[in-house]
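Please open the model in your viewer and keep the selection panel at hand, since this tour moves from one selection to the next.

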Amino acid sequence: QTQAQESDSARAARSAQQSEKLWNLMVPERNWDIMHPMIPILIVGIVGLQLYSNNSSQTSEEKEREDIRRFQEERRARRAQAE
């Protein structure tokens with residue numbers, strides 16, 4: 001009976017180790033600390049995306065302003081023709 005309990009506990013230990021390996025594979029950042037080599041890569045990626053987002057939104061805003069100006073000019077011209 002002692003051997004059966006040991007084999008059950010050994011199986012449970014192996015199962016726990018396999019579960020831990022799978023969990024570490026699926027969620028790697030769980031074991032990261034501030035010195036992990038991936039942290040600087042993530043920071044550079046975040047900053048790069050933020051800069052790209054800011055630049056593209058400024059371009060979009062300028063284009064929208066130009067479209068509004070053109071629309072207003074067309075509207076004024078149509079009103080002037082109607083009068």
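Is E66 buried, partly exposed or exposed? The relative accessible area of E66 is 41%, so E66 is partly exposed, where buried means under 20% relative accessible area, exposed means over 50%, and partly exposed lies in between (1.4 Å probe, protein chains only).

Before going further, note that this is a predicted model, in which local features need pLDDT of at least 70 and side-chain atom pairs count only at pLDDT 80 or more, while totals for chains, interfaces and linings use all residues. Residues are numbered from 1 along each chain as its sequence is written, and side-chain values use heavy atoms, with hydrogens and water left out.

**Whole chain**

Select the protein chain and colour by secondary structure: two helices and zero strands appear, both kinds of element being DSSP runs numbered from the N terminus (helices H or I, at least four residues; strands E, at least two). The protein chain is more spread out than a compact globule, because its radius of gyration is 31 Å, well over the 12 Å that the globule rule gives for 83 residues; the radius is taken over C-alpha atoms, and the rule is 2.2 Å times the number of residues to the power 0.38. Along the principal axes, the C-alpha atoms of the protein chain fill a box of roughly 105 × 30 × 10 Å. Buried residues make up 1% of the 83 residues. With the surface switched on, the accessible area of the protein chain comes to about 7,900 Å², and 56% of that area belongs to carbon and sulfur atoms; the areas come from the Shrake-Rupley method with a 1.4 Å probe, and for residues only the protein chains shown count as cover.

**Salt bridges**

Side chains of opposite charge can pair when their charged atoms come close. The structure holds three salt bridges, each defined as a side-chain nitrogen of Lys or Arg within 4 Å of a carboxyl oxygen of Asp or Glu.

Select R11 and D8 in helix α1 (residues 2-26), where they sit three residues apart, about one turn of the helix. The closest N and O atoms of this salt bridge are 2.5 Å apart; R11 is partly exposed at 45% relative accessibility, and D8 is partly exposed at 44%.

Return next to E66 and add R69, its partner in a salt bridge of 2.7 Å, N to O. Both residues lie in helix α2, three residues apart, about one turn of the helix, and R69 is partly exposed with a relative accessible area of 42%.

Then select R70 and D67, again in helix α2 and three residues apart, whose salt bridge has its closest N and O atoms 3.2 Å apart. R70 counts as partly exposed at 41% relative accessibility, and D67 does so at 30%.

**Along helix α2**

Move to Y52, whose place is in helix α2 and which is exposed, with a relative accessible area of 60%. From Y52, draw a distance to R65: these residues are 13 apart along the chain, and their C-alpha atoms are separated by 20 Å.

Finally, select R75, which lies in helix α2 (residues 38-82) and counts as partly exposed at 39% relative accessibility. Adding R76, R78 and R79 shows the patch of positive charge that these residues form with R75 on the surface; patches are made of residues with over 30% relative accessible area and no salt bridge, like charges being joined within 9 Å and nonpolar side chains (Val, Leu, Ile, Met, Phe, Trp, Tyr) within 5 Å. Lys and Arg count as positive and Asp and Glu as negative, while His and the chain ends are not counted.

Terms used
Charge placed at Lys NZ, Arg CZ, Asp CG, Glu CD.
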